[in-house]
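Subject: A structure for you to explore

Hi there,

Here is the structure I promised to pass on. Please open it and keep it beside you while you read my notes.

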Amino acid sequence: MTKNKLKNLETIDKQAFCQDLINWFVEEMRNLPWREDQDPYKIWVSEIMLQQTRVDTVIPYFNRFMEQFPTIEVLAEAEEEKVLKAWEGLGYYSRARNLHSAVKEVQEKYEGRVPDNLKEISSLKGVGPYTAGAILSQAYGIPEPAVDGNVMRVLSRILLIEDDIAKASSRKVFEKAVRELISHENPSYFNQALMELGAIVCTPTSPSCLLCPVREHCAAFHEGVQHELPIKTKNKKQREVHLAAAVLKDESGRTLIHKRAEKGLLANLWEFPNIEIHLPFKTEKVQLKEILKTEYGAEVELGEMVGTIDHVFSHLTWTIHVYEGTLTELKEEKTDLKIVSSEQIDIYPFPVSHQKMINQFYK
DNA sequence: TATTCGTGGGA
DNA sequence: TTCCCAAGAAT
């Protein structure tokens, strides 16, 4: 009853495949800042940043991050707010908080040395199956699979694997394939070459098969079905959320900002005070003024709506109606509220949606 | 297992 | 415009 999904593993010339793949990588690999040496810390940071994020986007963030936090020791002793600020604009901010937490654990529990075994490295926050394999193979030469989206796309074509790569369970199929194929002489280059091939040649929509170093090993190429793979089900449409936000200034031109909750969307980042609008209650302006008083202890004079910010996340969209106003009184001193000047505001990490508000309505 | 977690770029 | 995507992990 068990269908043999990896039928083409029996016929592929594994030795020749590895050789063709790695020889290509040696010639064509891009010069990337985290490839300058095999520092496990640099590889670790790069792999976290690269999760669901393009190489071109990561490069400047990685360089700045390494300048600011050059070693595990430095990062372990940094304030979380500084780490989030360095991550500002990169997205998926729990990556930064998990990395910071895990680096602290490595510093304390392993004397600052990144673990070189699957059990320990996998126990670190933010290190899942892919990242564990990437670090172990690239930093320590251990033949562990590092299966990301590239690897699933490439191998789905080479081995004609028709599992839905959108399903979490499919990753195991590809890990099994990698365990059969991986070069034990150079697992680092093998893993990186599969990803590099996916990024440069074996691309999602129009693979450059004529430039592919392993096309003679590729079942999909021989069948002419490379455009039909991988199989991937579509994702759902985003949920729409409406917000009303207030850019409030006190008599000296400073503005009120609020630190978001420590869990959930944009956790621990800062924002302008805002509320989600549920229709069809009072007008949003009245709701906003009311919440500012009850939840924030802020007495305000609100003007008319001055603009709209639209922002798209992967799973929802925000439409923010922006109100300007005057802060006349702030009753309590709360740690998640601050009144800051235009110079001080640059210290705080904001999501891109609120950076837009700073640029358009504050500075 | 399915959903939640960002952002910017390209088809 | 709309959709998908890009070196995934946590829950």
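Of the DNA strand C atoms that lie within 4 Å of the protein, 67% are sugar or phosphate atoms and the others belong to bases. This is a predicted model, where local features need pLDDT of at least 70 and side-chain atom pairs count only at pLDDT 80 or more, while totals for chains, interfaces and linings use all residues. Residues are numbered from 1 along each chain as its sequence is written, chains are lettered from A and ligands numbered from 1 in the order in which they are written, and side-chain values use heavy atoms, with hydrogens and water left out.

Let's stay with strand C. Around it are 27 residues, and Q52, G126, D148, N150 and P204 are the closest; a residue counts as near a strand if one of its heavy atoms lies within 4 Å of it. By class, this surface has 9 nonpolar, 9 polar and 9 charged residues. Here Ala, Val, Leu, Ile, Met, Phe, Trp, Tyr, Cys and Pro count as nonpolar, Asp, Glu, Lys and Arg as charged, and the others, Gly among them, as polar. Helices α2, α8 (129-140) and α9 (149-158) each supply at least two of its residues.

Which atoms pair up there? Some polar contacts (pairs of N or O atoms within 3.5 Å) are worth finding on your screen:
- An N or O atom in the side chain of D148 is 2.4 Å from a sugar or linking oxygen of DNA strand C.
- A polar backbone atom of G128 is 3.0 Å from a phosphate oxygen of DNA strand C.
- An N or O atom in the side chain of R54 is 3.4 Å from a base oxygen of DNA strand C.

Now turn to DNA strand B, which 20 residues surround, with R54, Y93, K236, L266 and H311 the closest. Of the strand B atoms within 4 Å of the protein, 61% belong to sugar or phosphate. The surface near strand B has 9 nonpolar, 9 polar and 2 charged residues. A polar backbone atom of L266 is 2.4 Å from a phosphate oxygen of strand B, and a backbone N or O atom of V352 lies 3.0 Å from a phosphate oxygen of this strand. S314 reaches a base instead: a polar atom of its side chain lies 3.0 Å from a base nitrogen of strand B.

Next, the protein itself. Chain A has 14 helices and 7 strands, which are DSSP runs (H or I, at least four residues, for helices; E, at least two, for strands), numbered from the N terminus. Chain A is divided into domain 1 (7-228) and domain 2 (239-362), with bounds from an automatic or database domain assignment. Their centres, taken over C-alpha atoms, are 38 Å apart. The contact between them (heavy atoms within 4.5 Å) takes 9 residues from domain 1 and 16 residues from domain 2.

Finally, look inside. Of the 363 residues of chain A, 49% count as buried, meaning under 20% relative accessible area (1.4 Å probe, protein chains only). A nonpolar core is a set of buried Ala, Val, Leu, Ile, Met, Phe, Trp, Tyr and Cys residues joined through side-chain atoms within 4.5 Å. The largest one has 63 residues, and Y41, W44, M49, F65, W87, L99 and M357 have the most contacts inside it. Helix α2 (residues 40-50) gives the largest share, 7 residues. Why does this core lie between the domains? Domain 1 (7-228) and domain 2 (239-362) both give residues to it, so it lies between them.

Happy exploring!

Key: Buried means under 20% relative accessible area, exposed over 50%, partly exposed in between (1.4 Å probe, protein chains only). A polar contact is a pair of N or O atoms within 3.5 Å; within protein, one must be able to donate a hydrogen and the other to accept it, and residues adjacent in sequence count only if both atoms are side-chain atoms.
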